Number of protein chains: 2
Amino acid sequence: MSLRHGLLGLLAEGPASGYDLARRFEEALGPVWPAQHPKIYAELSRLAGAGMIEVDSRGPRGRKAYRITDTGLAEVRRWLAEGDVDHTLRSESVLRSFFFWLMEPDALREHLRREQRFFAETAALARTYAAAKDRGDFGDSMQTKSMRVAVEAAIRMYQALADWAEWAQTVPPAVADTGRPDEAADAARAPTGPDEPAAAG
Amino acid sequence: MSLRHGLLGLLAEGPASGYDLARRFEEALGPVWPAQHPKIYAELSRLAGAGMIEVDSRGPRGRKAYRITDTGLAEVRRWLAEGDVDHTLRSESVLRSFFFWLMEPDALREHLRREQRFFAETAALARTYAAAKDRGDFGDSMQTKSMRVAVEAAIRMYQALADWAEWAQTVPPAVADTGRPDEAADAARAPTGPDEPAAAG
DNA sequence: TAAGGACATGTACTTAGGGACACGTGGAAT
DNA sequence: ATTCCACGTGTCCCTAAGTACATGTCCTTA
């Protein structure tokens, strides 16, 4: 349940409304931890109920800004100190790659080109943020420095994926010219013996 | 709903039971797309209902092996051909990094060391699979080649994250000596004006 | 002054994910 | 003979995530 801690972490930087937090999630945390506003408002209520945040101020359009409490601050810190990190990297791009052999060579090439472009552009975008931060455009608070570290992760991951997509385009000749995809597919549908052992571990 | 397509993709390689598929998801697809057996069995029923798979054979302990149908095969192919790829990379590791400024310098250093080690080890493990495949240990079917491409993604992503964690350890001096973490936290709790504009986009 | 868009908060509903529980079988080793 | 373990399939329930819907306000611009 990292949304809870994401919200607390953002509120540790200063008071913010649900709307603010939704925007920050979309803009900054979105790529690594998506969250829509309904979830955020719901979680804020829960956090307020648990005494981890409290209403800091009320603004124009029913705006409610929340402030983190000592309890809330202790909770984020506890979460950060606790070592159990979930290391799964859900990636549909990589999931798809397991099944590239089912694609037509042309479609695959086109797909990889698109993926490469997307990842390269995203990496480039992250680099411009990093450059702005390094120039000091956002000040040099500790929060900004952490953000810089997070952006560096984005740069490296997206660049790695861009490189991967580029590299994969050099492989397809081998993938493509092994035979028609339908051979294997026919084999799959044929009533063969029950098992083949799982391949990779 | 990629679980559905993951299952269809695996079944395109040949008939398999829910148990087999659960194992393959855990062993091969786990890091990029986790799925537990209850979800898998449920989804298999749904797929069978939709005529995308059918029972291929029954084995010893009530074992049911499924086979993909032409409808099912068409559906995976449709999914693969359709361009809408969800590019979010849910990563708790990176999410946490946004909040590194809330951690004590020592704990942070230790955390980063652990992360680096984990990612490096995972990358190394992926490399041994890649090497085995390159030696031809798993044959050279098209499926194996796709798997090799997927493994390459794992290698590069995990290596990127390992490098990132290592790099991050060289930054902390700056993160650490900017001031006591509690200053900012105190500021967060202080009843200041409602807003500061969201920083990064 | 009318209209459009950003601001702002929520509810309702549906699906996905994950853990706990439940049950039974076949084979291998003690 | 018994015991243990891997095999094998499922249900139940709670939480998380995501989409659609609903409502209203303030400000700017045509």
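# A walk around two chains and their DNA

Start with DNA strand C and pick out the protein elements beside it: α2 (18-29) and α3 of chain A, along with α3 of chain B, each contribute at least two residues to the surface near this strand. Keep in mind as you click around that this is a predicted model.

Which helix gives the largest share of that surface? Colour α3(A), which supplies 3 residues. Now show side chains for the residues that come nearest: out of 20 around DNA strand C, these are A:Ser17, A:Tyr19, A:Pro38, B:Met1 and B:Pro38. If you colour the surface near DNA strand C by class, you should get 9 nonpolar, 6 polar and 5 charged residues.

Next, hop over to DNA strand D. Here the elements to select are α3 (37-49) of chain A, plus α2 (18-29) and α3 (37-49) of chain B; each supplies at least two residues of the surface near DNA strand D. The largest share comes from α3(B), with 3 residues. Around DNA strand D there are 21 residues, and the nearest are A:Met1, A:Pro38, B:Ser17, B:Tyr19 and B:Pro38. Coloured by class, the surface near DNA strand D shows 10 nonpolar, 6 polar and 5 charged residues.

Time to leave the DNA and look at the sheet in chain A. In what order do its strands sit? Select the 3 strands and you'll find an open sheet ordered β1-β3-β2, with antiparallel pairing. The edges are β1 (16-17) and β2 (53-58) of chain A, and each has a single partner strand, so one side of each has no neighbour in the sheet.

Zoom in on β1(A). It is joined by 2 bridges to β3 (residues 64-68) of chain A, and the two run antiparallel. One spot to label is A:Ser17, whose bridge partner in β3(A) is A:Ala65. You have met A:Ser17 already, among the residues that come nearest to DNA strand C.

Slide across to the other edge. How many bridges link β2(A) and β3(A)? There are 5, again in the antiparallel sense. Label A:Val55 and you can trace its bridge to A:Tyr66 in β3(A). Then follow the chain round the hairpin that β2(A) and β3(A) form, with 5 residues between them, and stop at A:Gly62 in the turn: its phi is positive, about 70°.

While chain A is on screen, add helix α1 (residues 2-11). This helix lies across β1, β2 and β3 of chain A and runs at about 90° to β3(A).

Switch to chain B for its sheet. Here, too, 3 strands make an open sheet in the order β1-β3-β2, with antiparallel pairing. At its edges stand β1 (16-17) and β2 (53-58) of chain B, each with a single partner strand, so one side of each is left open in the sheet. Look for the 2 bridges joining β1(B) to β3 (residues 64-68) of chain B; B:Ser17 has B:Ala65 as its bridge partner in β3(B).

Last stop: two selections on chain A taken from UniProt. An unreviewed entry places "domain: Transcription regulator PadR N-terminal" at residues 7-77. That span is 54% helix and 18% strand, and its end C-alpha atoms are 13 Å apart. The annotation "domain: Transcription regulator PadR C-terminal", also from an unreviewed entry, covers residues 89-169. Select these residues and you get 80% helix and 0% strand, with end C-alpha atoms 23 Å apart.

Definitions and conventions:
Residues are numbered from 1 along each chain as its sequence is written. Chains are lettered from A and ligands numbered from 1 in the order in which they are written. A residue is near a molecule or strand if its C-beta atom, placed from the backbone, lies within 6 Å of it. Helices (H or I, at least four residues) and strands (E, at least two) are DSSP runs, numbered from the N terminus. Ala, Val, Leu, Ile, Met, Phe, Trp, Tyr, Cys and Pro count as nonpolar, Asp, Glu, Lys and Arg as charged, and the others, Gly among them, as polar. Two strands pair if DSSP finds at least two bridges between them. Two residues are in contact if their C-beta atoms, placed from the backbone, lie within 7 Å. Axes are lines fitted to C-alpha atoms, for helices over the stretch in contact, and angles run from 0 to 180 degrees between N-to-C directions. UniProt positions are given in the numbering used here, feature names are shortened, and annotations may be inferred rather than shown by experiment.
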